[in-house]
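I opened this notebook page to record a few side-chain contacts and backbone angles. The entries follow the order in which I looked them up.

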Amino acid sequence: MPKLNVLVAGSTGYIGVQLIKLLVKHSDIKIKYLCGHSSVGKNISSYEKSLSSKKLPKIVKYNKSFLKNIDLIFTALPNGEAQDISNDLLEHNVLIDLAADFRLNKASDYLKWYKQKHRSVKNIKKSIYSLPEISGDKVNNFNIIGCPGCYPTSILLPLIPLVKKNLIKTENIIIDSKSGYSGAGRGVHKKYKDKNLYESLSAYGVGFHRHNSEIQQEIDIYAKKKLSFTFTPHLTPMFRGILSTIYVDLNKGVNIKKLEKTLNTEYSKSKFIKILRTNSLLSTNEVINTNNCYMVICKTKYKNRVVILSAIDNLIKGGAGQAIQNMNLKFNFPANKGL
């Protein structure tokens, strides 16, 4: 099979660079175009020295004429820009978006949470929100694939199987997530310049973070009744990684062993998800620089309440790695190829 010709738009952000670092290891991929704005004319090695030994094209401004000889477009752009590119797509193109443009099923929800009108409403119905372990081969039916956000990835992977089997109460779930500052993008240093980024912990988006919308949308698909939760994200003084701490109440007759058995069964074929033994210690250190999600269920002083810990690398499993997972599914490559 000939190599896939790939265009990466938004190639110089943290996620874009991580994506390129993974793609160069994938033997079925040829990176044909790297696109950017202020970086036009530069080499990607200006942003990531480890790529200096790779034969990669110089960064150019995106032009829709490129799409004629491209199989696959990855967009790691500010919200809204992938919508414009989706309007240029030719029949043979596949678009995998790492931003939020195709995460929400309704244009009205996008307007509500992202404060901008969706510029490609017709393509929302032609797209799929794909958390690979949950969506599986459904991606085969779509040429526009929306990758989940980093926080929702760490939250939905443990919660969906438990909600699906009706093992936990669907009200008053508390989700406390902590992320490395790379999750806020390259502009994080300007945006949080007064926050002493390297030595302090900051809560942000309290009560109304945008990721509330996709967590609610996806979990409601599996819940028997509307699920209510409170989600609070935090920026931590580390570069990468997410640890989500999820507090849930068990339904009658349910214990931790049943929860663990359900998760192990759900993810028995997954190469990237590992359920640790009850009450195991879990840190982001175990998943950094991998596409893995580790999770563990912990007892509390209340018999019917447990704490679920979930750890991922926000730039890989929460971003670039997940995008490659979706590509591997779509093009029938081995699940862990390039990962």
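I began with Lys337, which has a relative accessibility of 24% and therefore counts as partly exposed. The model I consulted is a predicted one.

**Entry 1. The partner of Lys337.** I asked which side chain meets that of Lys337 in a salt bridge. I found Asp28, with an N to O distance of 2.6 Å. I then placed both residues: Asp28 is in the loop between α1 and β2, whereas Lys337 is in the segment after α10 (316-330), so the pair ties together parts that are 309 residues apart in sequence. I also looked up the accessibility of Asp28 and noted a relative accessible area of 14%, so I entered Asp28 as buried.

**Entry 2. Lys164 and Glu266.** I next examined a salt bridge between the side chains of Lys164 and Glu266, and recorded 3.3 Å from N to O. This pair links distant parts of the chain, 102 residues apart: Lys164 belongs to helix α6 (residues 150-164) and Glu266 to helix α9 (residues 256-266). I noted Lys164 as partly exposed, at a relative accessible area of 32%. Glu266 is also partly exposed, and its relative accessible area is 28%.

**Entry 3. Glu48 and Lys21.** I looked up how far apart the closest N and O atoms are in the salt bridge of Glu48 with Lys21. The value is 4.0 Å. Glu48 sits in the loop between β2 (29-35) and β3 (59-60) and Lys21 in helix α1 (residues 14-23), so this salt bridge ties together parts that are 27 residues apart in sequence. Is Glu48 buried or exposed? I recorded Glu48 as buried, because its relative accessibility is 19% and the cut-off for buried is under 20%. Lys21, at 29% relative accessibility, counts as partly exposed.

**Entry 4. Count.** I asked how many salt bridges the rule gives, and the count comes to ten.

**Entry 5. Positive phi angles.** I turned to the backbone and noted Asn279, a residue other than glycine, whose phi is positive, near 65°. Asn279 is found in the loop between β12 (273-275) and β13 (293-299). I entered Asn279 as partly exposed, at 39% relative accessibility. I then noted Asn289, which is not a glycine either and has a positive phi of about 65°. Asn289 has its place in the loop between β12 and β13. With a relative accessible area of 55%, Asn289 is exposed, because the cut-off for exposed is over 50%.

Conventions:
Residues numbered from 1 in each chain as written. Predicted model: local features only at pLDDT ≥ 70, side-chain atom pairs only at ≥ 80, totals over all residues. Heavy atoms only, no water. Helix = DSSP H or I, 4+ residues; strand = E, 2+ residues; numbered from the N terminus. Buried < 20%, exposed > 50% of the residue type's maximum accessible area, 1.4 Å probe, protein only.
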